[in-house]
Each structure stands twice: as C-alpha cells, then as structure tokens.
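Me: Hi! I'd like to go through a structure with you, a bit at a time. Here it is.

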Protein chains: 2
Amino acid sequence: QVICVLASAAAPSLCWRLFVKISWLLFVFFSSDIEISRAQSPKAVDVLAKEIGLLTDEIEIYGQTKAKVRLSLLERLKDQPDGKYVLVAGITPTPLGEGKSTVTVGLVQALTAHLNINSFACLRQPSQGPTFGVKGGAAGGGYAQVIPMEEFNLHLTGDIHAITAANNLLAAAIDARILHENTQSDKSLYNRLVPVVNGMRGFSAIQLARLRRLGINKTDPETLTEEEISKFVRLDIDPSTITWQRVVDTNDRFLRKVTVGQANTEKGFVRQAQFDIAVASEIMAILALTTSLQDMKERLGKMVVANDKKGEPVTAEDLGVTGALAVLMKDAIKPTLMQTLEGTPVFVHAGPFANIAHGNSSVLADKIALKLVGEKGFVVTEAGFGADIGMEKFFNIKCRASGLVPSVVVLVATVRALKMHGGGPNVTAGAPLKKEYTEENLQLVADGCCNLQKQIQITQLFGVPVVVALNVFKTDSPAEVDLVCKMAKESGAFDAVPCNHWSAGGRGAVKLAQAVEKAANQKNSFKYLYSLELPIVEKIRIIAQKVYGAQDIELSPTAQSQVDRYTQQGFGNLPICMAKTHLSLSHQPERKGVPTGFILPISDVRASIGAGFIYPLVGTMSTMPGLPTRPCFYDIDLDPITEQVKGLF
Amino acid sequence: QVICVLASAAAPSLCWRLFVKISWLLFVFFSSDIEISRAQSPKAVDVLAKEIGLLTDEIEIYGQTKAKVRLSLLERLKDQPDGKYVLVAGITPTPLGEGKSTVTVGLVQALTAHLNINSFACLRQPSQGPTFGVKGGAAGGGYAQVIPMEEFNLHLTGDIHAITAANNLLAAAIDARILHENTQSDKSLYNRLVPVVNGMRGFSAIQLARLRRLGINKTDPETLTEEEISKFVRLDIDPSTITWQRVVDTNDRFLRKVTVGQANTEKGFVRQAQFDIAVASEIMAILALTTSLQDMKERLGKMVVANDKKGEPVTAEDLGVTGALAVLMKDAIKPTLMQTLEGTPVFVHAGPFANIAHGNSSVLADKIALKLVGEKGFVVTEAGFGADIGMEKFFNIKCRASGLVPSVVVLVATVRALKMHGGGPNVTAGAPLKKEYTEENLQLVADGCCNLQKQIQITQLFGVPVVVALNVFKTDSPAEVDLVCKMAKESGAFDAVPCNHWSAGGRGAVKLAQAVEKAANQKNSFKYLYSLELPIVEKIRIIAQKVYGAQDIELSPTAQSQVDRYTQQGFGNLPICMAKTHLSLSHQPERKGVPTGFILPISDVRASIGAGFIYPLVGTMSTMPGLPTRPCFYDIDLDPITEQVKGLF
C-alpha cells in the first residue's frame with residue numbers, strides 16, 4: 001500500500017526508498033560498533049538527488065556530499081499532494097538535551113530504510129559557536145546522525161556566513177548613515193546621494209521608492225523643494241533606539257557589550273552596542289520563515305532597525321540596502337540536501353535562535369520535502385527546546401507562515417529528564433550523573449511524569465495527535481521504560497514507544513515509525529492557539545496561562561511602553577515569540593515538574609518586523625554564548641595527510 | 001610549436017586551448033557591445049575542468065560555475081615541468097586604478113583563445129567590503145573579465161568567510177582565556193583544563209605539546225608539581241600587547257576602535273581593541289603563502305597574538321586552537337576554478353590586504369596552474385598596487401615562499417596615470433576627469449614617463465625582463481600612445497605595446513601576448529633584493545633606497561624597540577612587508593612622478609609570524625575601510641523572478 005513518488009521524469013517507475021534501502025542493507029551487514037558509523041562513507045549527493053527524484057538542473061552541488069536545491073522545484077511539483085508532516089518536540093529537558101535530533105534522524109531511517117515509506121528529515125543548521133564552544137556538534141548521534149558530520153557542523157553551504165555578511169552590512173550602514181547625516185548639510189548630503197554622473201542626475205530605484213513612501217511624487221532630482229530634500233536625505237535615526245546589532249558566528253563573550261566609533265575618524269559619535277551570535281540575527285529568522293525569493297526580499301526591506309527622532313520606525317529599505325541584502329542571501333534561500341547514516345535524505349536549512357527567535361528549521365525545506373515524499377510519505381522536522389517553547393512557536397509562528405498542517409507530534413522523553421522532574425538531584429553539563437539517574441528509581445519516574453503529561457496536554461491544545469518517543473539509555477530499567485509508556489498513554493498520548501535508534505539506527509525506531517504512521521491517519525483538528533487580531537498583551541497572556549500554566553502575566557513599564565509603541569506603529573497583529581528559559585515551564589529554571597501559581601514577568605518586548613513576530617523577554621536572555629575554560633576546540637584537530645577531522649563531536 | 005598538456009588521462013590527445021577556442025569563436029561571432037558580455041553564459045565548470053585535464057575526483061563542484069581543486073593534483077603532476085610564470089604589475093596608479101586585472105584577463109584570453117597557447121590567470125578573491133562600499137567588484141571589466149562576476153565578487157566558495165570564522169575564534173579564545181586566568185586559582189584552572197572524565201584524567205594532544213614546549217616531560221596529569229601546574233595553566237597574556245584583532249568582511253568604520261568586555265559577565269576586564277577588514281587577517285596572508293595542509297597548520301600554530309608578562313610571544317598553539325583553525329580552513333586551502341569571458345581557466349584564491357600584508361594571490365594556485373599549462377604554457381598572476389609595492393612583495397615574499405622563478409613582468413601603464421605623474425591635476429574617485437586627461441597633451445605624458453622609467457628600473461633590480469602594457473582608453477591619442485611605447489623601450493623595457501582588451505577582449509591583447517611570449521624566452525637572471533640574514537633595519541633600508549628612491553629611513557622609538565624585540569625573539573630573519581601608500585613612490589601620496597631626497601619614516605614595526613614577515617608601518621595604515629554617503633549597495637538589486645543580480649559593477 002505504499003505509493004511511489006513520481007517526482008522525477010528520469011526514474012518514473014522506481015521508489016527512492018528502494019535505492020536507499022539497498023545501500024543501508026549493505027551497511028548494517030557489517031555494522032557492529034560505533035567506529036563503523038564514522039567509517040560509513042556517504043553516497044555521492046548527485047546519486048542521492050537522483051534517487052529522490054530531483055532533476056539535474058534542480059540541484060547545485062557543493063562538494064561530494066552536499067547540494068543546494070533550487071526553489072524552481074516547488075513550481076514543478078505544485079500539483080503534487082503534500083506528504084504527512086511530523087513535528088518532533090520534547091518534554092522540558094535537562095541541560096544535556098534529551099535527543100530530539102537523534103529521534104528525528106532515527107525516525108526517518110526507520111520509515112525509509114526499514115518500512116519502505118518515503119521520508120525526509122528537515123533539520124536546523126547548527127551555529128559554529130557551540131560547535132567550538134561547549135555543546136559540540138548537532139548532527140544527531142550514534143547510529144542516528146547526519147553524515148558527514150563535519151560538513152554538517154562546519155561551514156555547510158555558507159548560509160550562516162551569508163547571514164553574517166548581510167546582517168553586518170546593514171549594521172555598518174546604520175552607523176555610517178548617522179555619521180554622514182550628522183556631519184553634512186542637506187545640500188551636501190543630496191549632492192552625494194544623488195550625484196551628477198556624466199552631466200546627468202537621477203534617482204536610483206531604491207531612492208524613487210523612498211520618495212514615494214515620503215509622499216513626494218517627483219522623479220526629477222532638480223525639482224525637489226528644500227523641505228523635500230531635507231525629508232529625503234535625513235533618516236534622523238535616534239541612536240538610542242537602535243535595535244539592530246552586529247553578529248559573529250563565534251562564542252565571543254567579550255562582544256556582549258561594546259562601545260563602537262572610538263576612532264578619531266568617527267568624530268566622537270561613539271555609542272554602546274552589542275554583538276549577537278549570528279543565528280540570533282533577524283535575517284536567520286526570515287530565512288526560516290520565508291516562502292519565496294520575492295517574499296524574502298520584502299521581509300528584508302521591512303526589518304525595523306531603529307526609530308527616528310519622531311518615533312517612527314526606520315527600516316532596511318529606508319537605508320537603501322534591501323537589494324544588497326537580497327543579493328547576499330540569494331543562495332542561502334536554497335535548502336541544503338544531505339543524508340543520514342542510512343542514506344536517507346535530509347534537508348538542512350536555517351537555524352534561528354530558539355530564544356529570541358522561533359527555533360525551527362525552514363518553511364521552504366519542509367514545503368519542498370512534503371512534495372518530494374508524495375502523499376503517503378513523511379516529512380519529519382524538529383522544534384528546539386521543550387514543547388512549551390519550540391512546538392508552541394512551530395504551530396503559532398511557523399505553521400502560520402507556511403500554511404502547512406502538521407499530522408503528528410512526536411514528544412521525546414527520557415527517563416533521566418523525568419526523574420529530574422520527579423525531584424531528582426541537579427543535572428549539570430560536564431559533571432557526572434548522580435546515582436538516582438543510573439539506577440532504577442520508579443518513584444522518581446512516576447513523580448516526574450507530570451511534566452510529560454503537561455506537555456502532552458499542551459500538544460492537545462493544538463488538536464494534533466501525539467506519540468511519545470522514549471529515548472532509551474542503557475541505564476534505564478525495563479520497569480522504568482514500561483512505566484513511562486503506560487503513564488504517557490494514560491495521559492492522552494495516541495501511543496508511547498521506547499526507541500533505540502542511537503545504538504541500533506533505524507532498526508531501533510521501527511516501532512516508533514509504525515506508531516507515527518498510524519497516528520497520521522487519525523482525525524486531525526489542528527488549530528492555532530490565539531487569533532492574531534487580539535491585542536499583544538492578550539496573546540502573551542494566552543500563551544502564559546494555557547501553555548506555561550502561569551496564573552497571570554506582569555509587564556514592566558518598559559514592556560508596556562514597547563507594547564504601546566508597536567501597537568501604535570501598526571505591528572499589533574503579529575504572532576508572539578516568547579523568549580523564556582527552556583529549563584522550566586515557568587520563568588524560573590530551577591522549578592521542575594509542573595510549576596503552578598506563578599506570575600510570568602515580562603521585562604521587555606521587542607519586535608522582528610521582517611521575520612514577523614513580537615518577542616517578549618521573560619527575564620534576561622543572553623544572545624551571545626561564551627567559551628568555557630576548556631572549550632571543545634581543545635580536542636578538534638585535522639590530520640594534514642588524510643585530511644580527516646578529529647574530535648568534532 | 002605548441003605542446004599539449006597531457007595532464008588528463010581522460011583526454012590525452014587534445015589540447016584544452018582547442019576546446020576553449022571553439023566556445024570563444026562561437027561567442028565573438030555575435031559580440032557587438034558590452035551588453036553581450038553580461039549575456040555570455042559560462043560553460044559548466046565540470047566541462048572546463050575536463051578541458052584543462054583535471055580528473056573527476058580532483059574537483060569539488062560548487063554550483064554550476066565554480067569548483068574547488070584538490071591539492072592531490074600537485075602530487076599527480078609533480079614530474080610535469082612548470083610553465084612560464086608571468087607577473088602583472090603596474091606603475092604608480094591614480095586612485096582609480098590602471099587596469100591590472102583587465103590586463104591579466106585580456107592577456108590569458110589572447111594567449112589561449114587567440115594564440116593557441118595554454119594559459120591560466122591566477123587572481124585574488126576580492127573582499128566584499130569594497131564590493132558594497134566604494135570600489136565595486138574586481139573581476140576585471142569590459143570584454144576582459146571573470147564570469148559570472150557576481151559569483152566572483154560575492155561569497156565565491158566561502159574562503160573569506162572561513163578566514164573570518166577562524167580569525168574570530170582565535171580572538172574569542174584570547175579574551176576568554178585572560179578572563180578565566182584572572183578569575184580562577186591554578187588548581188581550579190587545572191581541574192577544568194584537565195578534567196576527570198569517566199574516572200580518568202588525561203592530557204589532550206595539544207596539551208602534551210604545550211608541556212613539551214615548557215620542558216615538562218610528563219604525561220600523567222597527577223604527577224605535575226604545583227609549580228609545573230602553574231606554568232602549564234597560565235599563559236599570562238599581557239593584554240596591552242595583544243596584536244590579534246577581530247575581523248568582519250564589511251566596510252564598518254565604527255569598528256576601527258572599540259571597547260570590548262563591557263557586559264557585567266566579563267567582570268570589568270574591558271579593553272580597547274579594533275576590527276579589521278577580513279582580508280587583513282594574518283590567516284589570509286597564510287592562505288596566500290602556504291604550500292600544503294601541513295604547512296598551513298604549522299603556520300596557523302605559529303601565529304603570535306600577544307606577549308606574556310615576561311615579554312615572550314604567545315601563539316595560537318599556546319591557546320590550543322591550532323587544530324580547530326586548520327579544520328575551519330581545510331576547504332579554503334583549495335583554489336577555486338572559474339573562467340574568463342572567453343572561456344579560459346582562472347584560479348581565484350586568497351586576497352591578502354596589499355598594505356599590511358603582501359597583496360598577492362596564492363602560491364598554491366600558481367603552482368597548480370604552472371603544472372596544468374605545461375612547459376610551453378603561461379600562468380599570469382597579478383600583484384596589487386604599483387610595482388614598488390605589490391611586485392617587490394611578490395618577488396621578496398611570495399617567490400621566496402614558493403621557490404618559483406618568474407619569467408616576465410608585464411608593467412601596466414595608462415596615459416592618464418602618466419599625465420598625473422607629469423604634473424596633471426588631481427585625480428579623485430567620483431569626480432569627473434579634468435580636460436588634461438581627456439584631450440591630447442604630449443608634454444604631460446613625456447614628463448610623467450619618469451614614473452614608468454623608475455618602475456621599469458625597479459623590475460630590472462630583480463633580473464626579470466619587463467614588457468610594458470599600455471592600457472589604452474578611448475580618449476588617448478595615437479601620438480600619446482606612440483610616445484609612451486617609445487619612451488618605455490628607451491627606458492629598458494623588452495617591449496611596449498598598446499592593449500585594447502577592455503573593448504576587444506583577447507583580440508585586443510594579442511600583441512601583448514606575442515611580446516610576453518618572446519620575452520619569456522629571454523635570459524632570466526632572477527634574484528631577490530636582499531638576503532634574509534641581514535638585520536631587519538638593513539632590509540628595510542635596502543627596500544627604501546633601492547625601490548622607493550629614499551635617501552634614508554628613520555625609525556620612531558616604538559619602531560626601534562619593536563625591531564629589537566622581534567630580533568631578540570628570533571624573528572629577525574624574516575622578509576619585510578612594507579605598509580606604505582600606493583599613491584606615490586614615497587610615503588607622501590601627493591608626491592607624484594619620482595620623488596627624491598626624502599627620508600622614509602617608519603612609525604611602527606609589527607610581525608605576522610605565521611605568514612612569515614615583518615611589516616614596518618610607513619605612516620598610519622587604515623585596516624578598515626568605511627562606507628561613503630552613497631555606497632555601491634544603493635544600486636545593487638536582485639530580481640526575485642529571474643534571480644538576476646543588478647548593479648554589481
């Protein structure tokens with residue numbers, strides 16, 4: 001009953017899962033330990049592309065194992081029905097993470113290589129900051145990972161670098177413009193902005209657009225009045241309102257707060273600023289949410305970078321930089337094709353920060369993959385952090401942008417995290433786990449299942465069936481595993497299954513894949529949690545109460561005045577992107593389980609107008625990680641003879 | 001008498017110039033104006049690679065028009081004799097530049113597509129800063145350019161982005177390390193640097209190397225004495241001596257001087273720092289000078305970033321980051337293959353700043369190209385700025401690193417620049433040219449030829465024959481053109497020929513190509529200008545007197561103490577990389593022609609130990625350009641339907 005994808009004219013009678021399966025069977029035959037996972041050499045990406053039905057001119061190859069996929073594919077396949085859309089989310093995690101990426105990869109390996117169902121994983125591109133800092137790579141792990149993992153974790157196809165370049169060009173344009181306006185007369189600015197070239201003077205396209213926005217319907221530079229010239233040449237940016245920050249894709253804590261403009265050439269126009277990690281750039285959020293080149297260009301132009309001295313928003317378009325930003329991002333908009341350890345296809349595309357942005361991979365990759373897998377196929381994507389954060393943003397922000405309807409949520413739990421929620425001792429990165437976590441303790445598990453139950457209930461708010469995937473560790477006892485599955489089903493999960501993809505690859509996630517397939521055929525009554533028409537504060541309150549379980553919210557005066565400003569500026573009907581700790585359902589990371597009775601404090605409210613959301617800050621959110629005393633890079637090395645990368649895990 | 005390159009086993013009986021020629025003939029047939037140059041679609045890069053004898057597994061394709069070439073090629077072709085090696089240099093230029101890149105491209109187009117001689121152009125990758133700032137792209141121009149120029153001018157294959165990532169990881173490591181040392185005891189540092197993992201404690205490879213450098217011959221972390229632990233854990237960096245700066249590939253003048261570390265989390269350890277444009281990073285200079293992956297890794301480790309409190313150098317290796325830097329740079333080391341408008345091959349690789357670094361493209365690209373063209377073929381590369389700067393560094397630094405011997409220097413001159421040297425009015429970017437430059441004026445030309453003569457004499461110091469290429473503009477009169485050629489020959493040039501490649505492509509440079517071919521068969525007595533064994537100051541004096549024509553040099557006290565320090569640290573026998581204005585042979589940009597009687601002031605002396613040179617500063621050198629009031633990006637746009645880039649010129 002499995003239907004083939006007929007995406008490719010070149011291979012109309014073959015299912016790509018068949019190709020894929022053969023390579024995997026050859027592989028498992030001799031896969032006995034973890035060393036082999038590193039030794040598995042990926043198939044050439046053009047072979048993979050052909051297997052999944054891509055035409056030769058629809059891919060742009062980057063080396064042997066990566067290719068960008070052209071958006072023209074969406075046009076070619078526009079009449080093809082979408083596949084099933086699966087989101088992998090999680091319970092409230094420990095600081096170590098509970099393995100959502102490995103579940104995502106294990107699930108597609110099981111679906112494609114073991115159940116003969118076309119499937120695609122859509123993952124986020126990781127930041128290089130954590131790769132060299134604390135966390136290490138993000139390609140999954142064990143027998144459920146994307147290969148080659150060093151390509152996945154390093155430059156990939158340059159998308160984050162493109163974002164850095166675009167972000168910083170805009171930042172440089174802001175400060176340079178302020179300096180030029182502060183040191184030149186209207187006339188001198190006008191002569192420079194609209195110079196005489198070969199005896200002629202003309203407005204550029206971008207300047208004509210600005211004139212229209214200013215209500216000046218003239219096209220001849222010689223006919224502007226002095227007042228019109230002044231309006232045209234001065235953006236009058238209020239430096240204290242600049243929200244656009246520079247970025248680097250490095251964990252550089254010394255850039256968290258800086259003073260810029262201290263050279264003599266900048267004539268005293270110093271100001272305090274900050275650098276964020278590149279994935280926190282609004283341009284990354286735009287890349288993740290955009291649906292076409294045209295849409296991306298419009299979003300880039302709409303980005304608000306500051307207010308002018310009258311309190312009106314100043315945009316990238318006002319600075320004349322929209323076209324240049326679009327040019328810098330023209331390749332980044334194409335998703336990158338890679339493969340799992342079992343040779344099944346993966347899109348890696350966009351990785352917005354999961355705090356101040358929405359933490360989900362791209363809409364475009366999901367859309368293309370849904371066409372490629374065909375009606376009975378599956379696309380599995382992942383939302384950062386716990387379901388209260390990543391999943392809520394997936395539904396209310398990403399699905400709104402894409403118009404796509406998810407079929408199933410896979411909720412990842414671990415015995416370890418449940419024990420923590422049940423009152424187990426602190427779990428800290430780097431420190432050995434306490435014995436509560438390595439020995440059977442059914443009471444802690446039972447007590448901690450309240451968090452799992454709450455996250456299931458949150459999922460149900462959106463009307464989508466939920467399958468719990470218990471990511472089994474070797475220290476988990478059979479009784480603990482059974483208990484979690486039983487309690488999950490009692491809490492309303494469609495099914496709950498233990499998974500062993502880390503140690504067994506796709507084979508270890510076959511039961512999960514079967515459960516997901518069944519759940520996808522359930523009645524689905526997907527709905528958003530709130531209407532965009534509601535006032536900003538009301539939308540925040542709905543998330544806080546219904547999702548987090550807060551008693552109420554409390555806005556600081558700053559937050560309230562920002563809400564008023566955005567509402568007055570016409571941005572009131574955007575969705576909400578909460579910036580809250582992922583370590584608790586509440587705003588207090590130490591409160592585990594299901595905290596109740598708390599008032600959620602909103603310290604500030606900001607906006608990403610191009611990406612299209614308002615983001616309230618619940619406490620302070622660091623947008624620049626640091627390097628620890630012993631960073632990951634201590635163990636990273638390159639063998640200059642074999643060219644092999646070591647220690648990147 | 002043209003010998004085929006038999007580099008490829010796949011096409012042993014065909015010369016690649018033949019393939020190339022066919023595509024060009026098809027093109028010129030309908031090439032009537034400049035619009036066609038934009039419309040010319042490049043051949044697929046895998047086709048080009050095959051034409052020039054590359055094997056399938058020797059290239060890594062990046063999209064349709066770019067490919068990285070693997071260094072394994074050098075091993076396969078190691079017994080193949082090198083081709084002829086041609087350097088394109090120039091007279092002292094106007095601020096507009098005199099067209100060295102177009103001469104380089106025009107010359108290879110003439111050689112390959114018109115004279116049936118295998119040839120390769122090796123060019124620098126341009127910085128994105130100027131592309132969006134003042135200067136625009138750097139792909140050549142008119143009918144002598146690299147296509148597609150937007151790929152050339154934008155991200156290319158990500159090399160500059162890789163440099164930025166590597167440079168900034170090292171910068172972050174420096175400040176983080178100082179913070180950690182300042183806020184932790186020896187014991188606590190040791191516990192973090194050498195943690196207990198699964199009950200065991202071990203040194204990493206990089207830590208063992210550090211112990212050996214410290215003279216501690218122990219491998220068990222439990223056996224170090226307190227004193228040894230203290231030596232091991234503390235780099236004791238003196239923050240006031242940090243020379244390693246952060247970089248961005250953006251013209252961001254507000255980053256010329258900044259204060260970092262102002263967030264509370266950095267506990268008051270603020271310091272003043274700066275950002276440079278990415279191409280000014282020492283890592284870029286290393287990329288340009290390295291000869292293998294092993295060599296690059298060693299150079300990266302040797303980079304000196306600061307002194308410790310005892311005045312000893314602290315290196316990247318001391319910070320434990322060598323391996324990570326090499327991993328970040330593992331793809332950047334491979335040259336990128338592109339093509340000219342006439343379908344002839346081009347390597348684009350490395351583009352070090354021509355001021356504080358040596359301003360020449362990579363040794364590796366030249367070496368590979370010299371093998372590929374075969375014994376009778378030509379590799380044409382280019383040195384930034386006038387011959388007094390770029391060429392001097394090419395010979396004394398780049399040729400020393402590569403061991404290659406140049407056959408011919410092509411010295412590019414324009415009537416415009418000669419008139420300026422003859423006393424013509426100022427030439428300024430953006431302002432219209434005065435009539436002296438657009439009307440015939442033989443006297444100004446004759447008076448200005450002193451600069452051409454001097455640059456010819458400088459070339460002759462190195463024992464290499466010189467051909468003058470007069471880059472003809474449409475306003476140049478026949479008498480002016482004849483005069484320049486006559487005076488050039490009288491000044492010792494092997495030949496001097498007018499070129500029209502800008503308007504006519506390779507056809508317009510055929511005479512130049514013939515002259516170059518003849519000159520390459522001349523007796524060549526190439527020699528370096530100075531011995532490395534001489535004291536630093538003596539080497540500086542030789543360049544100042546023999547090349548610039550200075551009466552003498554004068555070191556500031558800072559410069560002198562730096563010379564003393566570097567000599568004492570054992571870096572005295574490195575070559576010299578002068579950082580001097582390119583707008584005059586002297587240190588004063590306004591002194592045109594051939595200034596004499598000046599004392600060259602050396603304000604400071606710095607060192608790039610990994611790249612392998614000492615760089616004296618003659619006056620202040622800006623390492624971060626700014627954005628003008630009307631930056632190039634005003635005219636840059638992307639058509640979201642056709643995906644075509646506009647305005648990138």
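Me: Let's start in helix 8 of chain A: how far apart are Arg177(A) and Glu181(A) along the helix?
Reply: Arg177(A) and Glu181(A) are four residues apart in helix 8 of chain A, so about one helical turn separates them. One thing to keep in mind as we go: this is a predicted model.

Me: Noted. What do Arg177(A) and Glu181(A) form with each other?
Reply: They form a salt bridge, and the closest N and O atoms are 2.8 Å apart.

Me: And how many salt bridges does the structure hold over all chains?
Reply: The total is 74 over all chains. Between chain A and chain B, the count is 10.

Me: Can you show me one that links the chains? Which residue pairs with Lys330(A)?
Reply: Sure, that's Glu151(B), which makes a salt bridge with Lys330(A). Their closest N and O atoms are 2.9 Å apart.

Me: What about polar contacts, how many residue pairs are there across the interface of chain A and chain B?
Reply: The rule finds 41 residue pairs in polar contact there, with both residues at pLDDT 80 or more. On the side of chain A that touches chain B, helix 8 (residues 159-183) gives the most, with 12 residues.

Me: Nice, back to helix 8. What's the mix by class on that side of chain A?
Reply: The side of chain A that touches chain B has 39 nonpolar, 21 polar and 21 charged residues.

Me: And how many residues does each chain bring to the contact?
Reply: Chain A brings 81 residues and chain B brings 81 residues. The area buried between the two chains is about 7200 Å², and carbon and sulfur atoms give 63% of that.

Me: Which three residues of chain A supply more of its buried area than any other three?
Reply: Phe254(A), Thr629(A) and Tyr634(A), which supply 11% of the area that chain A buries against chain B.

Me: New topic: backbone. Is the peptide bond from Ile147(A) to Pro148(A) cis or trans?
Reply: That bond is cis, with omega near -10°. Pro148(A) sits in the loop between strand 6 (144-147) and helix 7 (149-153) of chain A.

Me: And in chain B, what's omega for the bond from Ile147(B) to Pro148(B)?
Reply: Omega is near -10° there, and the bond is cis. Pro148(B) lies in the loop between strand 6 (144-147) and helix 7 (149-153) of chain B.

Me: What's phi at Asp236(A)?
Reply: Phi of Asp236(A) is near 55°, a positive value in a residue other than glycine. Asp236(A) is in the loop between helix 11 (226-233) and strand 9 (246-248) of chain A.

Me: Last one: how do helix 19 and helix 20 of chain A pack?
Reply: Helix 19 (residues 442-461) and helix 20 (residues 478-490) pack at an angle of about 30°, with axes 9 Å apart. Their crossing is right-handed. Residues that meet include Leu442(A) and Val445(A) from helix 19, and Leu483(A) and Met487(A) from helix 20. By class, the contact has 11 nonpolar residues, no polar ones and one charged.

Note on methods
Residues numbered from 1 in each chain as written. Chains lettered and ligands numbered in written order. Predicted model: local features only at pLDDT ≥ 70, side-chain atom pairs only at ≥ 80, totals over all residues. Heavy atoms only, no water. Axes fitted to C-alpha atoms, helices over the stretch in contact; angles between N-to-C directions. Helix = DSSP H or I, 4+ residues; strand = E, 2+ residues; numbered from the N terminus. Left-handed = near helix turned anticlockwise from the far one by under 90°. Contact = heavy atoms within 4.5 Å. Nonpolar A, V, L, I, M, F, W, Y, C, P; charged D, E, K, R; others polar. Buried area = accessible area lost by both parts, 1.4 Å probe. Salt bridge = Lys/Arg side-chain N within 4 Å of Asp/Glu carboxyl O. Polar contact = N/O pair within 3.5 Å; in protein donor to acceptor, adjacent residues only side chain to side chain.
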